[in-house]
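Reader: I am in my first year and still learning how to read a protein model. Could you take me slowly through a single part and then through what surrounds it?

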Amino acid sequence: MIKKVRGFTLIEIIIGIVVLSIALTGGLSLLISQVDAYRDPLIKEKSVQIAKRVVHEIQIRAYDEKSDIGGGIFRCSETVGGISLGDCSAEAEYGTDPGELMLDTLDDVDDFDTAKLCLSLKLSGSYSCSDNNYLPVVYFFSDAADEAAQKKYNDYYAGFLVKIEVVPAKISGDADSAKKITVTVRQSDGLEIEYSFIKANI
């Protein structure tokens, strides 16, 4: 006697496909969340890299336009041996001076204030700032002079922008004693992270 082998019915196959697709959807959503978890630290690491480079560029500049730019002994608002360079710049005077547009021409800390820097750059047509005075990251990279380097940085830091604010700060009761610099990095995921430090008049 021949035994009949019964196969799956169409309804059983459809039910099996539905159950399998539900299981795969759950597994896929778990994988997608893991991808985001791995990507997030990379974005934060890039943000920190950008902030370190920008902070370094600012720290190596003079405290004020009226200080001894060459790193000598004279500071603004101070008299040494009868010689005075005059009072430090008032907050209203912060920002770039004529001819200071590119990174290598910014010679003091408050030149980096992007609210005023963006205005100068817009008038010159050399760089375009985004909304709220953000500049492309590549502007602050001193080694991005040629097109190949600029493309490399623009690709690696795609979607990242930088904004800088410089305001007076008092650390010793003297109004001209320090400036607070806040570097805001807008990450590619839209999150904005602030890094602040003080540059003293020393």
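In the hairpin of strand 5 and strand 6, how many residues lie between the strands, and which residue takes a positive phi?

Author: Please keep in mind throughout that this is a predicted model. The hairpin of strand 5 and strand 6 has five residues between the strands, and in it Gly190 takes a positive phi near 90°. The two strands that the hairpin joins, strand 5 and strand 6 (residues 192–200), pair in the antiparallel sense over nine bridges, and if you look along them you will find Lys180 standing opposite Ile198 in strand 6.

Strand 5 (residues 178–186) has a further partner to consider, since strand 4 and strand 5 also pair in the antiparallel sense over nine bridges, and there Ala169 stands opposite Ala178 in strand 5. Strand 5 is mostly covered, with eight of its nine residues buried. When you follow such a strand by eye, it helps to remember that in a regular strand the side chains alternate between the two faces of the sheet.

From strand 4 (161–169) we can move on to helix 2, because strand 4, together with strand 3 (135–136), is included in what covers the buried residues of that helix. In helix 2 (residues 114–124), the buried residues are Thr114, Leu117, Cys118 and Leu121. Seen down the axis of helix 2, these buried residues fall within an arc of 100°, and therefore they line one face of the helix. The spacing behind such a pattern is a general one: an α-helix has 3.6 residues a turn, so residues three or four places apart point the same way. On the other side of helix 2, by contrast, Leu119 and Leu123 are exposed.

The two ends of helix 2 are also worth a careful look. At its start, a side-chain oxygen of Asp113 reaches to within 3.1 Å of the backbone nitrogen of Ala115, while after the helix comes Gly125, whose phi is positive, near 75°.

One of the buried residues of helix 2, Cys118, leads us to the disulfides, of which the structure holds two. Cys118 and Cys129 form one of them, with their sulfur atoms 2.0 Å apart, and with -95° about the S-S bond this link is left-handed. The pair links distant parts of the chain, for Cys118 is in helix 2 and Cys129 is in the loop between helix 2 and strand 3, 11 residues apart. Cys118 has 5% relative accessibility and so counts as buried, whereas Cys129, with a relative accessible area of 26%, is partly exposed.

In another disulfide, that of Cys76 and Cys88, the sulfur atoms are 1.8 Å apart. The torsion about the S-S bond of Cys76 and Cys88 is about 80°, so this disulfide is right-handed. Here too the pair links distant parts of the chain, with Cys76 in the loop between helix 1 (10–59) and strand 1 (79–80) and Cys88 in the loop between strand 2 (83–84) and helix 2, 12 residues apart. Both Cys76 and Cys88 are buried.

Finally, the loop between helix 1 and strand 1 also holds Asp64, and this residue brings us back to the strands where we began. Asp64 has 0% relative accessibility and therefore counts as buried. Its side chain is joined to that of Ser89 by a polar contact of 3.1 Å, and a polar contact of 2.9 Å joins the side chains of Asp64 and Lys179.

Notes:
Residues are numbered from 1 along each chain as its sequence is written. This is a predicted model: local features need pLDDT of at least 70, side-chain atom pairs count only at pLDDT 80 or more; totals for chains, interfaces and linings use all residues. Side-chain values use heavy atoms; hydrogens and water are left out. Buried means under 20% relative accessible area, exposed over 50%, partly exposed in between (1.4 Å probe, protein chains only). Helices (H or I, at least four residues) and strands (E, at least two) are DSSP runs, numbered from the N terminus. The arc is that of the directions from the helix axis to the C-beta atoms. Contact means heavy atoms within 4.5 Å. A polar contact is a pair of N or O atoms within 3.5 Å; within protein, one must be able to donate a hydrogen and the other to accept it, and residues adjacent in sequence count only if both atoms are side-chain atoms. Two strands pair if DSSP finds at least two bridges between them. A disulfide is a pair of cysteine sulfur atoms within 2.5 Å.
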